[in-house]
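User: Please take a close look at one buried charged side chain and its surroundings in this model. I would like one connected account that moves outward from that residue to the strands and cores.

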Amino acid sequence: MEQLRFIVISVTLLLCTANAFAQRHYENISALEINYGTNIFGDADNYTSLSFSKYINRKSYWKTGVGYFEKSDEYSLPKNESPVIPESGTPIGKRHNKGMDFYLDGGYYRTLASNLKSIYWNVGIGGFIGVEYLHHPQKEYTFIIGPKLETELEIFILPRMAMLARIQQHWNPLSIDEWNTVWNIGIKVLLY
C-alpha cells in the first residue's frame with residue numbers, strides 16, 4: 001500500500017512539473033544576452049554583441065547593448081606610394097583592410113508567434129550610434145549612425161536560458177559599407 005501511494009505521488013508530481021514552465025515573456029522580466037555572427041553577403045566579417053533587455057508585457061520588450069562589427073574594405077594606394085610585395089591576385093596599388101565598428105544600439109521588439117512555452121519569434125526595429133575605425137595608410141575614425149531591422153527566434157532550452165538565432169539588416173550611410181545583413185546566434189539568460 002505504501003509503495004502504491006509513493007508511485008502515485010511520484011507520477012503526479014512528475015506530470016505536474018512537466019507542464020510547469022518559468023515565466024518568460026512577462027512584464028518587468030530582464031534578460032542578458034550575448035551573440036556572435038557574421039556578415040551574410042560579401043566577406044564573412046565577424047559580429048558580436050552584448051545586450052540587456054526588459055519585457056514590457058508578454059508580447060513586447062526593449063533591448064539595449066554594445067556591439068562590434070568588422071567590415072572588409074578595399075582601397076587604392078596613392079600613385080607615388082609603391083606597394084612592397086602585392087598578394088597574389090591583387091592588382092598593384094590595391095590593398096584589403098578591415099574596418100571596425102564599435103557602437104551602442106537599442107530597439108523595440110514584438111512577438112509575432114509563440115507556442116507560449118518555449119519558442120518565440122520576434123521582430124524588432126531600432127538604431128545604433130558609434131564610431132568606425134579604418135587603417136588605410138593612416139588611421140581614420142568616422143562617426144556612424146543608422147537604423148536596423150531584425151527578426152529573431154528564441155528557443156528556451158532551460159527554464160531561464162534560451163538559444164537565439166537572428167538576422168539583422170543595418171543601414172549606415174556614413175560607413176565604408178552602407179548595407180550590412182548579419183546573421184548571429186547567441187544565448188539569452190533571464191534575470192529574475
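Analyst: At 4% relative accessibility, Arg166 counts as buried, since buried means under 20% relative accessible area, exposed over 50% and partly exposed in between (1.4 Å probe, protein chains only). The structure is a predicted model, in which local features need pLDDT of at least 70 and side-chain atom pairs count only at pLDDT 80 or more, while totals for chains, interfaces and linings use all residues. Residues are numbered from 1 along each chain as its sequence is written, and side-chain values use heavy atoms, with hydrogens and water left out.

The side chain of Arg166 has a polar partner: a polar contact of 2.6 Å links it to the side chain of Glu152. A polar contact here is a pair of N or O atoms within 3.5 Å; within protein, one must be able to donate a hydrogen and the other to accept it, and residues adjacent in sequence count only if both atoms are side-chain atoms. Not counting residues up to four places away in sequence, Arg166 touches Glu33, Asn35, Lys63, Glu150, Thr151, Glu152, Val182, Trp183 and Asn184, contact meaning heavy atoms within 4.5 Å.

Arg166 belongs to strand β7; helices (H or I, at least four residues) and strands (E, at least two) are DSSP runs, numbered from the N terminus. Strand β7 spans residues 161-171 and has two faces. Ala162, Leu164, Arg166, Gln168 and His170 form the covered face, whereas Met161, Met163, Ala165, Ile167, Gln169 and Trp171 form the uncovered one.

Strand β7 pairs with two strands, where pairing requires that DSSP finds at least two bridges between them. With β6 (residues 139-158) the sense is antiparallel, over 10 bridges; a hairpin of 2 residues connects β6 to β7, and Leu158 has Met161 as its bridge partner in β7. With β8 (residues 179-191), β7 also runs antiparallel, joined by 11 bridges, and Lys188 in β8 is the bridge partner of Ala162.

Ala162, on the covered face of β7, also takes part in the largest nonpolar core, whose 9 residues are Ile29, Ala31, Tyr55, Tyr61, Tyr109, Tyr120, Phe156, Ala162 and Leu190. A second, separate core has 6 residues, among them Tyr47, Phe128, Ile144 and Val182. A nonpolar core is a set of buried Ala, Val, Leu, Ile, Met, Phe, Trp, Tyr and Cys residues joined through side-chain atoms within 4.5 Å. In soluble globular proteins, nonpolar side chains tend to be buried together. Val182 of the second core is also one of the residues that Arg166 touches.

Two glutamates offer further views of buried charged residues. Glu132, in strand β5 (residues 119-135), is buried at 1% relative accessibility, and its side chain makes a polar contact of 2.6 Å with that of Ser175. Beyond its sequence neighbours up to four places away, Glu132 touches residues including Lys71, Asp101, Tyr141, Ile144 and Ser175; Ile144 belongs to the second core. Glu70, in strand β3 (residues 60-76), is buried with a relative accessible area of 15%. The side chains of Glu70 and Tyr68 share a polar contact of 3.0 Å, and Glu70 is in contact with Asp45, Asn46, Lys98 and Gly99 when neighbours within four places in sequence are left aside.
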